[in-house]
Amino acid sequence: MKKLIALITVLALSLSIIGAVAESTFTTIEPGKLSYATSPDFPPFESRDENDNVIGIEPEIMGLIAEKLGVELEIVSMDFTSALASAQLGKTDMVVSGVTATGEKYLERSAMFDFTDIYTYIQQAVVFKTGADVTLANLGEKTIGVQAGTTGQGYAEDDYGEDHVVAYDTYALAFQALLNGQVDCIMLDDVVGNAYLKIHPELSIIPTEYEQEGFAFGVFKQDTGLLEAINAALKELVDAGTVEEIIVKWNN
Ligand code: ARG
């Protein structure tokens with residue numbers, strides 16, 4: 001009993017000195033390395049720079065989390081559906097890809113992997129060529145492009161029918177189809193729609209009335225303390241205002 005009390009005292013003391021994150025125990029698939037899968041077609045959350053490095057809000061947050069956990073960060077690029085599967089099958093420790101952790105998709109996805117706490121919110125929007133006759137009221141007569149496996153696909157198919165929806169593996173392909181006139185519009189997360197408007201100024205955006213969606217990171221279900229460790233690190237970054245700073249920086 002004395003030993004236990006001594007241990008607890010030492011633990012409590014070191015916790016207060018070093019902070020909860022450094023003390024948390026966790027394991028990753030490959031020791032010393034934290035890997036995540038992502039679909040880097042999703043600015044400002046993740047895109048590729050000219051050297052093919054994945055950049056944006058999420059790699060920056062994850063870089064800081066990895067630093068806090070004292071592990072090396074490995075980012076593996078693939079399409080969105082594969083990125084979700086990667087964290088489900090434990091091919092990577094996580095999926096970090098603007099993943100919505102609310103609504104119907106939350107139930108579906110939390111059976112695949114564990115969600116961290118939500119760190120930001122978005123809403124679905126519709127992007128189309130400026131001047132085209134696209135409104136929320138006439139979407140049912142249009143062809144809507146989406147990324148396969150996304151909440152945007154879910155909403156568009158539920159409300160307008162599969163016949164009106166074309167799913168692409170990446171937003172790069174969806175936007176190419178929009179610019180080529182193969183689809184009338186794209187349904188996607190508003191923050192990302194606005195980022196594509198900066199790349200393609202000939203496009204316009206309108207908000208939808210769907211509920212707000214919270215973004216979180218998906219963690220391979222394995223109960224190794226990793227989820228708790230990441231949540232603790234994320235909380236520190238949120239509380240310090242760092243997450244907000246990163247979001248504001250990448251939206252400018
Ligand atoms: N937030 C939406 C969802 O979870 C879209 C995510 C797409 N992510 C990406 N990196 N392309 O379904």
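These legends walk through several close-up views of a predicted model.

**View 1. Two domains share one protein chain.**
Let's start with the overall layout. Domain 1 is built from two pieces of the chain, 32-120 and 214-250, while domain 2 covers 124-210. If you take the centre of each domain over its C-alpha atoms, the two centres sit 24 Å apart.

**View 2. Here domain 1 meets domain 2.**
How many residues of domain 1 are in contact with domain 2? There are 14, and they touch 14 residues of domain 2. On the domain 1 side, helix H4 (80-89) and helix H5 (103-110) each bring at least two residues to the meeting place. H4 gives the most, with 3 residues. Sort the domain 1 side by class and you get 6 nonpolar, 4 polar and 4 charged residues.

**View 3. Helix H3 packs against helix H10.**
Now zoom in on two helices of the chain, H3 (residues 57-69) and H10 (residues 242-250). Their axes come within 9 Å and cross at roughly 150 degrees. Why call this pair roughly antiparallel? Angles over 145 degrees count as roughly antiparallel, so H3 and H10 earn that label. The crossing of these two helices is right-handed. To find the contact yourself, look for Ile57, Glu60, Ile61 and Leu64 on H3, and for Thr242, Val243, Ile246, Ile247 and Trp250 on H10. This set of residues splits into 7 nonpolar, 1 polar and 1 charged.

**View 4. Helix H3 also meets helix H9.**
Stay with H3, but turn your attention to H9 (residues 226-239). The axes of H3 and H9 come within 9 Å and cross at roughly 115 degrees. Is this crossing left-handed or right-handed? The crossing of H3 and H9 is right-handed. From H3, the contact uses Ile61, Leu64, Ile65, Lys68 and Leu69. From H9 come Ala229, Ile230, Ala233, Leu234, Glu236 and Leu237. By class, the contact of H3 with H9 has 9 nonpolar residues, no polar ones and 2 charged ones. Look back at the previous view and you'll spot Ile61 and Leu64 in the contact with H10 too.

**View 5. An open sheet of 5 strands runs in the order E4-E1-E5-E14-E6.**
A quick reminder before you look: strands of a sheet pair through backbone hydrogen bonds, either parallel or antiparallel. In this sheet the pairing is mixed. Which strands stand at the edges? They are E4 (72-77) and E6 (114-115), each of which pairs on one side only. E6 runs antiparallel to E14 (residues 218-219), and 2 bridges join them. For a landmark, find Phe115, whose bridge partner in E14 is Gly218. Our old friend H3 turns up here as well: H3 lies across E1 (33-38) and E4, running at about 145 degrees to E4.

**View 6. A second open sheet has the order E10-E9-E11-E8-E12.**
This sheet has 5 strands too, and again the pairing is mixed. E10 (165-168) and E12 (203-207) stand at the edges. Each of these two has a single partner strand, so one side of each is left without a neighbour in the sheet. Ignoring direction, neighbouring strands are turned by 30 degrees against each other on average. Inside the sheet, E9 (residues 144-147) and E11 (residues 185-189) pair in the parallel sense over 2 bridges. You can find your way along this pair by looking for Ile144, which stands opposite Cys185 in E11.

**View 7. Two backbone oddities sit in loops.**
First up is the peptide bond between Pro43 and Pro44: it is cis, with an omega of about 0 degrees. Where is Pro44? Look in the loop between E1 and strand E2 (47-48). The other one to find is Asp52, which has a positive phi of about 75 degrees although it is not a glycine. Asp52 belongs to the loop between E2 and strand E3 (54-55).

Technical notes
Residues numbered from 1 in each chain as written. Predicted model: local features only at pLDDT ≥ 70, side-chain atom pairs only at ≥ 80, totals over all residues. Domains from an automatic or database assignment. Contact = placed C-beta atoms within 7 Å. Helix = DSSP H or I, 4+ residues; strand = E, 2+ residues; numbered from the N terminus. Nonpolar A, V, L, I, M, F, W, Y, C, P; charged D, E, K, R; others polar. Axes fitted to C-alpha atoms, helices over the stretch in contact; angles between N-to-C directions. Parallel < 35°, antiparallel > 145°, perpendicular 65-115°, else oblique. Left-handed = near helix turned anticlockwise from the far one by under 90°. Pairing = 2+ DSSP bridges.
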